[in-house]
Amino acid sequence: MRWTVLRRFAISCAVVLLALPLAARTRPHYGGALHVETEGDPWQKPDGIARRLVFDGLTTLDARGTVQAALATGWESDNADHRWQFRLRPGVHFHDGSPLTSTAVMQALNLDCPANCPWAAVHAVGSMVVFTSDSAMPNLPALLAEDQFLIALTVTADGKTPDGNIGTGAFQVTSFNNGVLELTANEICWQGRPFADAVEIRAHRSVRDQWLDLSIGRADVVEVPVEMLRQAQQQKLTVLVTAPTSLLALQVADTGSLANPMLRAALAASIDRSALANVIFQKQGEATASLLPQSLTGFAFLFPVDRDLNKVHELRGGLATPTLTLSVDGDGALLLAAQRIALNLKEAGFNAQEVDAGGAQRADLMLRTIPLEGGEAAAVLESVSRSVGAPAIALDSSPASVYRAERGFLDRHTLIPLVDLPRAYATGARVRDLGLDADGIPDLAGASLEDAP
Amino acid sequence: MKTMKLFRWAAMGLGMLLAMRGSALATSPWEQPAGALAEQIAAILGSGQAHLTIRNLSRIPNDDVPAIRKLLAQDLKEHGVTVSDDESANSIRVTLSENARERLWVAEVIEGSVTQVAMVRLDSDGAQHAQTAGGLTLHTETILRLNEPVLAVLEIANGMVVLEPEQIVFETRVPNGWREQSRTGIGQKQPLPRDPKGILVPEGGTAFEAWLAGTQCRGSYDPAQSPGQGTVSCYASDDPWPLLQSEQAAVPAKAFFNSARNYFTGVITPSVDEDPRAFYAAAWIPRAVGGAALVVGGIDGKVLMIESGISKPIAGTRDWGSDFAVIHSGCGAGAQIIASGSGEAAADSLRAYELPALEAVPVSVPLEVGGTVMGIWSAPDGKSVFATVRRADDQYEVDRVTALCN
């Protein structure tokens, strides 16, 4: 009798639930707190997850990688791109309430870039920020969108150094205690208030712990290293993956025994890039011999990726080399990749010994990842090449011109491209509309929470 | 005599072949890039013979590759380069490639141990969308494609006013669409909320009003009188926005918009509901018994019908997104709701519904729009609706949606 009543009650409830109009909405909701976890430091350059939440650049890149106005509303160049002037957006304020001025921008950029900058000098002229250089700066608007040129307040209104990170971005810092960075929405953000009221970033969390927290609803956005992408997909995580946003490359010294470019070319032909992509990165990276990915240029195939031991012997021409030192700027998969590269080199007749990256002497070879920020091939080429030495600057943005500049840079063999790597994040069920910026960083300001009030 | 006849037939055949080739080439999208690439190749090789290979790394259908090869061979010949099967000759290796933005054709010209490269870039083609079935058939026509977000558009005579978050743009009609003539800054004092919203309302003749969060504008645009120039005057305002398509309502209603958010506060003047609640979208729909009811899409996801001061939930709206508008198609009940799809859809859809009682009944199949619907509103005559769609490439397009009775 009791069971019959219970069954009737359950059926009645089900019928009532089915009859009720169910909620469906697609506009993003305001409110709630996003919980994000990261293995690294949220402030680290160039890809700390908090940086683009708190700071803005003079320019920014849209999802296609096209340059768009940000703190600057417009820009013009004179004198064949040797001089640029950027007009500041009026009415923008830092989180402490002080106005954004051209002087504040100049001070921030001078602090961001003490040396090897894309410009020779930066000046504040009224509401303009003016850049000058003896060399042409055709890619300056795109370069200024990079993470390294974000604008932070360096001097407060009373002439003091600010206590903490103060920018103009969608979120402002509330606290950073015990590895937890608390950010709150900037109500007067020039781009509009973000949807979430707050973002909590838990730093220095292992990937395993991040995934565990995601599974129990304690985290909304967690990292997925490239080598674990397949595992994440097998576990049915909701994963956002970008096009390639970084390049795994071997930086080669051009001194000592490696001053001979033929030897450096032989090193490039020694490495089995496909094995790195397929084994170390579980087929989630793309073997490459070009600086710029195919998705950016369409001509990456002009740089063959195949290992060629016959060419190695031909290039070496019987030259003996002393043991080369190999360091790794990173951990995890990069350490495994370095071991495989050392093995490849040994098979090709080179001896490579892994050394500590923090050693006093610079290693002959350094395995590192280089960010590929942006969607304009000429600007990315300049940025990548600038990060390892003399910049390769294409005369114009035509594919042929970019190809010639890239070919010229790679023929020096001071940087050996190996694998293009995407960036990936997994999200919880309550996160809506989360996109990834052109550099692969989650655009948390554009995300909202399904269960927000 | 016989020779003359043969000559005449041969001439006719040749003429027909040439005409066919001319017509094929005239319609081929590959003619221009093939010609440009052939010219560059010839500049490298000079005249002579070369072995041509071609591979396709792009989304161009493989069926098109033989035609492209044929065009290239013909264009090379015109520049003095004869394509040969002799593999010992100079080689031309053409790759039909692409990047995330555009197509790229690359020719590697190999002379002995020296390889030189030639390239031409091509624009990627756009997609057309159309779908049929159901009680009525929805059709879309893309009328504008822009890099900036579009909040609303309004057609005036042979002109169009486009409301962007920070500017009002004036366009004039040209044979193949619309051409921007001028743009005027709105000059908001306060930043717009993310996911901004705005409407354009005709005010008779060439006049219009624009409503955005915290701002109202009045303007006029008459392409016939002042080509390229419209007038706009904007000022800060928290006045309520008119609820469009309210002819059937007893009194024109207006709703207050929350200028710091992306929704209306729920307060409507004159009051239509004893229990106002915040909403994203509202539309007047004629009732079979006469008059009109207000359909409201609440921020809690529930869709309500407000009639005679009483609001009642509408069932069957679980597939609705937050945006909808009314179309007076003349089909079925005469008017339908066109609603966006629910969920986080990169490939959103539009679907027509009727509300015979308090239940939404789909009367068309979902119409894919190739992106995310950012807004829907009714045209001033009510016979079509406009939808703004953000495409995966971050471009915005404005589609006119019409309904045909089946």
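Me: Which helix does α8 of chain A cross, and at roughly what angle?
Reply: In this predicted model, helix α8 (residues 273-280) of chain A crosses helix α11 (residues 333-347) of chain A at roughly 145°. Their axes come within 11 Å.

Me: Why quote both an angle and a distance?
Reply: Because two packed helices are described by the angle between their axes and the distance between the axes.

Me: OK. Is the crossing of α8(A) and α11(A) left-handed or right-handed?
Reply: α8(A) passes α11(A) in a right-handed crossing.

Me: And which residues meet there?
Reply: From α8(A) you have A275(A), L276(A) and I280(A). They meet A333(A), L336(A), A337(A) and R340(A) of α11(A). Sorted by class, this contact has 6 nonpolar residues, no polar ones and 1 charged one.

Me: What comes after α8 in chain A?
Reply: There's a loop between α8 and β14 (286-287) of chain A, and Q282(A) is in it. Phi of Q282(A) is positive, near 55°, and this residue isn't a glycine.

Me: Why bother pointing out a positive phi?
Reply: Because most residues other than glycine have a negative phi.

Me: Which other residue has a positive phi without being a glycine?
Reply: A80(A) is one, with a phi of about 55°. You'll find A80(A) in the loop between β4 (72-78) and β5 (83-88) of chain A.

Me: Is A80(A) buried or exposed?
Reply: A80(A) counts as exposed, because it has 9 C-beta neighbours inside 10 Å and the cut-off for exposed is 12 or fewer. Q282(A) has 16 other C-beta atoms within 10 Å, so it is partly exposed.

Me: Switching topic: where are the cis peptide bonds?
Reply: One runs from K45(A) to P46(A), with omega near 5°. P46(A) is in the loop between β1 and α2 (51-54) of chain A. In chain B, a cis bond joins T269(B) and P270(B), with omega about -5°. P270(B) is in the loop between β17 (264-269) and β18 (279-286) of chain B.

Me: You mentioned β1 of chain A. Is it mostly covered or mostly open?
Reply: Mostly covered: strand β1 (residues 33-37) of chain A has 4 of its 5 residues buried.

Me: Which strand is joined to β1(A)?
Reply: Strand β10 (residues 198-202) of chain A, through 5 bridges. The two strands run parallel. As an example of a bridge, L34(A) has V199(A) as its partner in β10(A).

Me: Let's zoom out. How many helices and strands does chain A have?
Reply: Chain A has 13 helices and 21 strands. For chain B, the count is 3 helices and 29 strands.

Me: How much of each chain is buried?
Reply: In chain A, 49% of the 453 residues are buried. In chain B, 40% of the 406 residues count as buried.

Me: What's the radius of gyration of chain A?
Reply: Chain A has 25 Å, which agrees with the value near 22 Å for a compact globule of 453 residues. Its C-alpha atoms fill a box of roughly 95 × 65 × 40 Å along the principal axes.

Me: Last thing: how many residues of the two chains are in contact?
Reply: 40 residues of chain B are in contact with 37 residues of chain A. On the chain B side, β3 (90-98), β4 (102-111), β5 (114-123) and β22 (320-327) each supply at least two residues.

Me: What kinds of residues are on that side of chain B?
Reply: The side of chain B that touches chain A has 17 nonpolar, 10 polar and 13 charged residues.

How values were computed
Residues numbered from 1 in each chain as written. Chains lettered and ligands numbered in written order. Predicted model: local features only at pLDDT ≥ 70, side-chain atom pairs only at ≥ 80, totals over all residues. Contact = placed C-beta atoms within 7 Å. Nonpolar A, V, L, I, M, F, W, Y, C, P; charged D, E, K, R; others polar. Rg over C-alpha atoms; globule rule 2.2 N^0.38 Å. Buried ≥ 20, exposed ≤ 12 C-beta atoms within 10 Å, placed from the backbone. Pairing = 2+ DSSP bridges. Axes fitted to C-alpha atoms, helices over the stretch in contact; angles between N-to-C directions. Left-handed = near helix turned anticlockwise from the far one by under 90°.
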